[in-house]
Amino acid sequence: MGALIAVEGLDGAGKRTLTDAVIAALAERGLHAATLAFPRYGRSVHADLAAEALRGAHGDLADSVYAMALLFALDRAEARAELAKLLADNDILILDRYVASNAAYNAARLHQSADGEMARWTADLEFGRFGMPKPDVQVLLDVSTEVAAERARLRGELDESRALDAYERDGGLQRRTLEVYRELAERNWHGRWWTYRIGDDPASLATRIAEIVAR
């Protein structure tokens, strides 16, 4: 059974870039690593419904914090068998977003902290009722909201399918979400957390992950 690593952070923080760099570094060490990104847009009806709602479809669906959180949670629950197979077939599975993203964004929408009702409800739903595996490590990619917003904007200009949604356009929400993420990391919310910042070496992160596999 492989190690489960979740990379978390704001939209535009660089999670995909970091994940690709770490996987390449792990491959150089002879380790088999796979990745999976959530939400699984284009593969999950729940993820697609959420994405459509964030772009104005489905009436007032996007206004309901709990409804949106449930859609994203159902996307992950639907992927349990895929997660299990990837963990069985690889030394390491790196997830681009996982359960903590639901806790951070939706707690921020409700102006709650990391120890508020939304974070508890999310953990009870996903780790409890849905039985999602807990990560061995959750890595917070701690990038400023200004940098993340600019990256997300440029990404949307280059790829129409990744145009900014309602969450990404809300600067206040992004700032509050980063605050919640930092609180989750400080509290080691449902497992160990590491914080990764601009300028840190992906190879160093790969080394720390490889040590988990060795143990």
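These legends accompany several close-up views of a predicted model.

**View 1. Five strands form one open sheet.**
Start with the sheet and follow its strands across: the order is β2-β3-β1-β4-β5, and the pairing is parallel. Which strands are the edge strands? They are β2, residues 33-37, and β5, residues 192-197, and each of them pairs on one side only. From one strand to the next, the twist averages 25 degrees.

**View 2. Strand β4 pairs with strand β5.**
Here we zoom in on β4, which covers residues 137-142. Its pairing with β5 is in the parallel sense and extends over 6 bridges. A handy landmark is glutamine 138, which stands opposite tryptophan 193 in β5.

**View 3. Helices α1 and α10 lie across strands of the sheet.**
Look for helix α1 at residues 15-28: it lies across β1 (3-8), β2, β3 (92-96), β4 and β5. Relative to β3, helix α1 runs at about 170 degrees. Helix α10, made of residues 202-214, lies across β1, β3, β4 and β5. Relative to β5, helix α10 runs at about 165 degrees.

**View 4. Helices α3 and α6 meet in a right-handed crossing.**
Two packed helices are described by the angle between their axes and the distance between the axes. For α3 (residues 65-78) and α6 (residues 117-129), the axes come within 11 Å and cross at roughly 30 degrees. Angles under 35 degrees count as roughly parallel, and α3 and α6 are therefore roughly parallel to each other. On the α3 side, the contact is made by Val65, Tyr66, Ala69, Leu70, Ala73 and Arg76. On the α6 side, look for Glu117, Met118, Trp121, Leu125 and Glu126. Sorted by class, this contact of α3 with α6 has 8 nonpolar, no polar and 3 charged residues.

**View 5. Helices α5 and α9 pack at an angle of about 130 degrees.**
Our last stop shows α5, residues 99-109, together with α9, residues 171-186; their axes are 8 Å apart. How are α5 and α9 oriented to each other? They are oblique, and α5 passes α9 in a right-handed crossing. From α5, the residues in the contact are Ala100, Ser101, Ala103, Ala104, Tyr105, Ala107, Ala108 and Arg109. They meet Leu173, Gln174, Arg176, Thr177, Val180, Tyr181 and Leu184 in α9. The contact of α5 with α9 divides into 10 nonpolar, 3 polar and 2 charged residues.

Notes
Residues numbered from 1 in each chain as written. Predicted model: local features only at pLDDT ≥ 70, side-chain atom pairs only at ≥ 80, totals over all residues. Heavy atoms only, no water. Pairing = 2+ DSSP bridges. Helix = DSSP H or I, 4+ residues; strand = E, 2+ residues; numbered from the N terminus. Axes fitted to C-alpha atoms, helices over the stretch in contact; angles between N-to-C directions. Contact = heavy atoms within 4.5 Å. Parallel < 35°, antiparallel > 145°, perpendicular 65-115°, else oblique. Left-handed = near helix turned anticlockwise from the far one by under 90°. Nonpolar A, V, L, I, M, F, W, Y, C, P; charged D, E, K, R; others polar.
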